[in-house]
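Colleague: Could you take me through the pocket in this one, slowly? I'd like to know what lines it and what surrounds those parts.

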Amino acid sequence: MTAAVKLAGACLILIAGYAWGSYRTHGARRHVLQLKELERFLYFVKGEIEYRGLQSQEILSEAKSGQPYTLLCLSGCASLCEVRAPEELPGPERKVFDECFGGLGQHTGQESCRQLEYCLARCAFFLQQAQENECKANKLYRQLGLCFGALAVLLVV
């Protein structure tokens, strides 16, 4: 093999390692954004129940017409019971949110607010963990990808 081909291959491997690290970092950032949007939506729903006494369908139509919730798919939902957490969330997190949304509109306003309080507390915990993971990802994954790429170059070349 010529030196140019070896150099090009080494560069490709290094770039692939960096891209892997960037992908992992982006995934950690997206997780934080999803949880922040869920938290914002939960606070919105809680406020509409607590202060305005709106019903499930009314709250959902207010949410659709108000601030955009781009990471939550609200367009196909007819009531809050049909809202689902993003599929990308880990199973335990998604389960907490899906159970919370599934129970909304089936209880009194006070019971729904209690349920939302619990869900908001869990969301804060998940968000804290996700932010710690994002911080770790920002510090680690790109460099780790470059190191793995450099190691692969040494093994290949």
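Modeller: The largest pocket in this predicted model has a volume of about 300 Å³. Lining that pocket are 15 residues, and R24, H26, G27, A28 and H31 are the closest to its centre. Helix 1 gives the most to the lining, with eight residues, and helix 4 also supplies at least two.

To place those two helices, here's the overall layout. The protein has four helices and zero strands, so to speak an α-α-α-α pattern when you read along the sequence. Helix 1 covers residues 3–52 and helix 4 covers 109–156. Of the 157 residues, 36% count as buried. Take the contacts between residues at least 6 apart in sequence: 66% of them join residues at least 24 apart.

Now, H31 is a handy way out of the pocket. Besides being one of the residues closest to the pocket centre, H31 is in contact with E93. Setting aside neighbours within four places in sequence, E93 also contacts L35 and F126. E93 sits in helix 3, residues 91–103. What is odd about E93 is that it is buried yet has no salt bridge. The nearest side chain of opposite charge belongs to R122, and that is 8.0 Å away, whereas a salt bridge needs the nitrogen and oxygen within 4 Å.

L35 and F126 turn up again around F97. Leaving out neighbours within four places in sequence, F97 is in contact with L35, L38, L42, A85, L89, C119, C123 and F126. F97 is also, along with F41 and L42, one of the residues with the most contacts inside the largest nonpolar core, which has 31 residues. Helix 1, helix 2 (56–65), helix 3 and helix 4 each supply at least two residues of this core. Helix 4 gives the most to the core, with eight residues.

Back to helix 1 and helix 4, and the charged pairs. The count comes to four salt bridges. One of them joins E134 to R29, with the closest N and O atoms 3.2 Å apart. Because E134 lies in helix 4 and R29 in helix 1, this pair ties together parts that are 105 residues apart in sequence. E134 is buried, with a relative accessible area of 12%, while R29 counts as partly exposed at 33%.

K46 and E117 make another bridge, at 2.8 Å from N to O. Here too the partners are on helix 1 and helix 4, K46 on the former and E117 on the latter, so they tie together parts 71 residues apart in sequence. K46 counts as buried at 10% relative accessibility, and E117 as partly exposed at 40%.

The bridge between R40 and E37 is a local affair, with the closest N and O atoms 3.8 Å apart. Both residues are in helix 1, three residues apart, so about one helical turn separates them. R40 counts as partly exposed at 31% relative accessibility, and E37 as buried at 7%.

One last spot on helix 4 is S112. S112 counts as buried because its relative accessibility is 3%. S112 and E50 are 62 residues apart in sequence, with 9.1 Å between their C-alpha atoms.

Definitions and conventions: Residues are numbered from 1 along each chain as its sequence is written. This is a predicted model: local features need pLDDT of at least 70, side-chain atom pairs count only at pLDDT 80 or more; totals for chains, interfaces and linings use all residues. Side-chain values use heavy atoms; hydrogens and water are left out. Buried means under 20% relative accessible area, exposed over 50%, partly exposed in between (1.4 Å probe, protein chains only). Lys and Arg count as positive and Asp and Glu as negative; His and the chain ends are not counted. Contact means heavy atoms within 4.5 Å. A nonpolar core is a set of buried Ala, Val, Leu, Ile, Met, Phe, Trp, Tyr and Cys residues joined through side-chain atoms within 4.5 Å. On a 1 Å grid over the protein atoms alone, a cavity is a set of points where a 1.4 Å probe fits but cannot get out, and a pocket is an open set with protein on both sides within 12 Å along at least five of seven lines; lining residues have an atom within 4 Å of a point. Grid points are joined across faces, edges and corners, and a volume is the space filled by probe spheres set on the points.
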